[in-house]
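Let's take a friendly walk through this structure, one step at a time. Have a look at the fold first, and then read on.

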Amino acid sequence: MDPSLAASEIIKQVIEHYAQFQPSHGKIRLETIFDDHQGRYALMQTGWDRDRRIRGNLIYVVLDQEMIRIEYDGMQKC
């Protein structure tokens, strides 16, 4: 099996796992975005919390050749 293919499947499984969580408040959707051609994988949030618009990345991963770069991980607490 092609190592980059295996890596992309693992990345997708992790993102799909996090996409199952429901935000605790607001009307927020979690959406997965998978681009195998360019090696880009993301979990986005969009919606409303009270009167505030919510949008942006929760997770953004780049698969470049055989290297996995976690560009943004908004799931980790500081």
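**A walk through the sheet**

Strand 2 and strand 3 run antiparallel and are joined by 10 bridges. One contact to look for is L43, whose bridge partner in strand 3 is I59. Keep in mind that you are looking at a predicted model.

Now step back to the whole sheet. It is open, has four strands in the order 1-2-3-4, and its pairing is antiparallel. Strand 1 (27–35) and strand 4 (67–73) stand at the edges; each has a single partner strand, so one side of each has no neighbour in the sheet. From one strand to the next, the twist averages 10 degrees.

Next, move to the edges. Strand 1 is joined to strand 2 by nine bridges, and the two run antiparallel. Here F34 has Y41 in strand 2 as its bridge partner. The hairpin of these two strands has four residues between them, and G39 in that hairpin takes a positive phi near 70 degrees. On the other side, six bridges join strand 3 to strand 4, again in an antiparallel run. There, D64 has M67 in strand 4 as its bridge partner.

Finally, visit the loop between strand 2 (40–49) and strand 3 (52–64), where R50 is found. This hairpin has two residues between the strands. What is the phi of R50? The phi of R50 is near 60 degrees, a positive value in a residue other than glycine. Most residues other than glycine have a negative phi. Is R50 buried or exposed? R50 is exposed, because its relative accessible area is 76% and exposed means over 50%.

Conventions
Residues are numbered from 1 along each chain as its sequence is written. This is a predicted model: local features need pLDDT of at least 70, side-chain atom pairs count only at pLDDT 80 or more; totals for chains, interfaces and linings use all residues. Side-chain values use heavy atoms; hydrogens and water are left out. Buried means under 20% relative accessible area, exposed over 50%, partly exposed in between (1.4 Å probe, protein chains only). Two strands pair if DSSP finds at least two bridges between them. Axes are lines fitted to C-alpha atoms, for helices over the stretch in contact, and angles run from 0 to 180 degrees between N-to-C directions.
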